[in-house]
Amino acid sequence: MALDLTQLEPQLEHMAHTASQRAQENAVRVPQAQAVLRSLADNRAALSAKLATACRLAWAGAVPTDDAPAAAHPAPPLSLPLTVLAADGSQILPDRHRPAMYYLINMGCIILRLGTGTAPQQVSRPQLFYTEDDLYDGDNLLSSARITAQRDVQEVGELARLAPAEATRAPTVALVDNGLLLYLSLQDYERAAKKALIARHISHLRTLEQAGVPVAGIIDRPRAANVLRLLHLATLDEAAITQDRLRSVGQFQHLTDADVFGFLQPGERSAVFALTAPDNRTFYEPEGQGVCVFYLNAAGNLLRVEVPQWVAQHPPHLALVHTALIEQCHVTPGFPYVLTRAHELAVVSEAEHADVDVRVSVKLARRGLAASASHKKQGKLLLRRTS
Amino acid sequence: MTFATAPVVGRLIRSSNRDFVFASQVPEPDMPLFGAWVKAPAQRQQTEVFGLVYNIAFTEDELTRQIAATPNLPPEYILDGRNRQIPIEVSVLAVGYRREGRLYQALPPQPPVTLDQITACLPDEIVAFTERLDYLRLVAEARETPVDELMSASVRYAAAARPPDQRPAFIRQAGLTLARLLARDLTRLESALNQINTPL
């Protein structure tokens with residue numbers, strides 16, 4: 001055994017002690033944050049001025065919409081028929097230790113037509129990328145962040161491909177297991193690729209908008225602090241607002257938005273907030289696809305839900321997303337059923353990955369090309385077989 | 001014909017030279033059946049182990065458990081649950097092997113190796129293997145399996161793999177073999193003979 005659990009034991013004990021201390025501190029700080037949230041409605045004018053200053057400083061916070069910021073909205077009643085679609089992707093990244101350089105993105109999608117009594121439709125679409133154009137950006141091999149971003153864009157693309165036809169038959173909601181505001185941690189040389197990815201993503205969102213299909217990105221166990229940044233901003237004097245101060249969340253450090261919305265009861269959603277992340281303001285909002293966020297207590301589990309502005313601003317769309325999520329989280333408590341199933345359809349297991357490698361090797365060998373895993377990889381596989 | 005479509009039915013998860021277990025995620029209609037003939041590579045592909053499916057078990061699946069416990073479950077979820085590729089564990093009794101083109105009705109020299117692919121036997125392979133019926137003795141001695149049902153089911157599959165005009169003679173020959181193996185237990189023999197005449 002490589003891991004000495006005996007040595008780890010005192011460290012685990014200390015970790016639990018630290019977590020317990022943090023929970024006690026949070027029990028005091030969370031109500032303070034909630035009090036600031038409630039006070040926002042009373043200071044709209046002052047807040048607007050602060051928000052205008054902060055947004056000029058590339059502030060990645062959240063702006064209240066017409067809703068009272070501390071509002072809690074119960075779930076609207078479920079009306080059938082209702083179709084819920086979900087897409088999820090998984091990938092095999094390029095690996096020089098494998099028999100050949102390639103990557104693969106597999107899309108899993110499920111269409112659940114509630115109220116029809118029919119079996120849901122399952123879709124699984126693998127796509128292989130292997131040409132030099134696929135694999136390289138100039139001299140650089142595509143980064144894992146880039147491939148992950150490509151997968152995220154394809155997820156919404158899959159929804160845009162399938163949802164319009166559904167929307168002609170029944171009210172339809174489309175879900176992804178991810179934020180709608182792409183998080184692209186790309187290198188400088190990938191700037192053009194970033195723009196192209198976002199443009200494609202926005203075109204998919206527009207297709208859904210034109211088809212009248214509200215779309216939502218779901219994040220379980222969210223760690224985001226956009227609303228906390230808003231609360232921090234509200235506590236600053238306008239003259240004291242600087243880019244440096246806006247980088248932190250001040251007295252609310254290490255809390256999350258989910259802590260703030262702990263007051264939501266099962267089934268309730270929070271008010272909607274518009275995200276002010278620079279990418280949102282630069283790329284999404286000018287195209288009418290600005291991303292907004294609300295929090296939802298789904299059977300006791302707090303979810304972050306990202307929706308485009310055209311969903312946030314259209315109460316029937318927002319209600320449809322809300323009611324669909326509550327219905328979905330009734331079957332698999334705390335997380336939408338269709339997303340669990342889409343993941344199941346998308347995921348590429350280690351055995352399947354090994355199968356692809358074998359098939360690659362065989363195809364290449366038939367053309368007289370030697371292909372095998374690196375000696376390092378073979379050694380690791382051997383260990384896996386014997387351990 | 002044991003499997004109408006994809007002949008790859010799963011991947012080996014544990015084995016001995018007497019029996020082996022594979023995991024399968026094929027959808028329900030293509031799921032391996034009790035008594036069906038399957039094969040697994042062994043000895044670095046030099047040998048193919050032939051076996052009979054004798055147990056099929058649904059493995060633990062949290063999602064199914066969660067769905068089953070949901071009150072007022074809409075029918076769409078039940079239908080989806082049945083469509084899912086739920087992992088199953090399939091136990092197989094080794095009854096022979098093929099090496100260098102020759103078929104042997106005996107325990108294989110080595111078991112198949114973990115993670116190897118298990119495939120359904122093709123009708124021609126079943127016919128060739130069951131030209132002799134010595135494998136029924138191995139089944140009769142496999143007390144961990146439902147012996148009588150397994151012998152009968154394997155004979156029925158072997159008969160079904162043959163052209164219709166050859167089936168009566170094959171079943172007669174299998175009946176004689178069973179009579180020898182079960183000569184001391186006429187009740188079991190009668191039951192086995194009745195079963196091999198039951199259509200698939």
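This passage describes the two chains of a predicted model, the contact between them and a number of individual residues.

Chain A is built from 14 helices and 13 strands. Its 387 residues would, as a compact globule, have a radius of gyration near 21 Å, and the value found for chain A, 23 Å, agrees with this expectation. Taken along the principal axes, the C-alpha trace of chain A extends over about 75 × 60 × 40 Å. Of the 387 residues of this chain, 48% are buried, and among its contacts with a separation of 6 or more, 75% join residues that stand 24 or more positions apart. The surface that chain A exposes amounts to about 18800 Å², with 53% of that area supplied by carbon and sulfur atoms. Chain A carries 37 positive and 39 negative side chains, and the centres of these two sets are separated by 4 Å.

Chain B comprises seven helices and seven strands, which follow one another from the N terminus in the order β-β-β-β-α-α-β-β-β-α-α-α-α-α. For its 200 residues a compact globule would have a radius of gyration near 16 Å, and the 18 Å computed for chain B agrees with that figure. The box filled by the C-alpha atoms of chain B, again taken along the principal axes, is roughly 55 × 40 × 30 Å. Buried residues account for 48% of the 200 residues of chain B, while pairs 24 or more positions apart provide 73% of the contacts in chain B that have a separation of 6 or more. The accessible surface of chain B is about 10000 Å², and carbon and sulfur atoms hold 52% of it. In chain B the mean positions of the 21 positive and 23 negative charges lie 7 Å from each other.

The contact between the chains draws on 24 residues of chain A and 21 residues of chain B. An area of about 1800 Å² is buried between the two chains, and carbon and sulfur atoms contribute 52% of this area. On the chain B side, the residues that lose the most area to chain A are E76(B), Y77(B) and D80(B), which together make up 36% of what that side buries.

Within chain A, helix α6, which covers residues 226-235, has seven of its ten residues buried, so this helix is largely enclosed by the rest of the structure. The buried positions of α6(A) are N226(A), V227(A) and L228(A), followed by L230(A), L231(A), H232(A) and L233(A).

Two features of the backbone of chain A fall in loops. The peptide bond that leads from L80(A) to P81(A) is cis, with omega near 5°, and P81(A) belongs to the loop between β2 (72-73) and β3 (82-92) of chain A. A299(A), although not a glycine, has a positive phi of about 50°. This residue, A299(A), is placed in the loop between β12 (291-298) and β13 (301-308) of chain A. With a relative accessibility of 51%, A299(A) counts as exposed, because the cut-off for that class is over 50%.

In chain B, a positive phi of about 50° is found at E100(B), which is likewise not a glycine. E100(B) sits in the loop between β5 and β6 (102-104) of chain B, and its relative accessible area of 75% makes E100(B) an exposed residue. R99(B) lies in strand β5 (residues 88-99) of chain B and is partly exposed, with a relative accessible area of 25%. When neighbours within four places in sequence are set aside, R99(B) is in contact with Q43(B), Q46(B), T47(B) and Y104(B). From R99(B) to A160(B) the separation is 61 residues in sequence and 25 Å in space, C-alpha to C-alpha.

D148(B) is part of helix α5 (residues 147-160) of chain B. The relative accessible area of D148(B) is 12%, and this residue therefore counts as buried, the limit for that class being under 20%. Apart from residues up to four places away in sequence, D148(B) touches L182(B) and R188(B).

Technical notes
Residues numbered from 1 in each chain as written. Chains lettered and ligands numbered in written order. Predicted model: local features only at pLDDT ≥ 70, side-chain atom pairs only at ≥ 80, totals over all residues. Heavy atoms only, no water. Helix = DSSP H or I, 4+ residues; strand = E, 2+ residues; numbered from the N terminus. Rg over C-alpha atoms; globule rule 2.2 N^0.38 Å. Buried < 20%, exposed > 50% of the residue type's maximum accessible area, 1.4 Å probe, protein only. Contact = heavy atoms within 4.5 Å. Areas by Shrake-Rupley, 256 points an atom, 1.4 Å probe, with all protein chains shown as cover. Lys, Arg positive; Asp, Glu negative; His and termini not counted. Charge placed at Lys NZ, Arg CZ, Asp CG, Glu CD. Buried area = accessible area lost by both parts, 1.4 Å probe.
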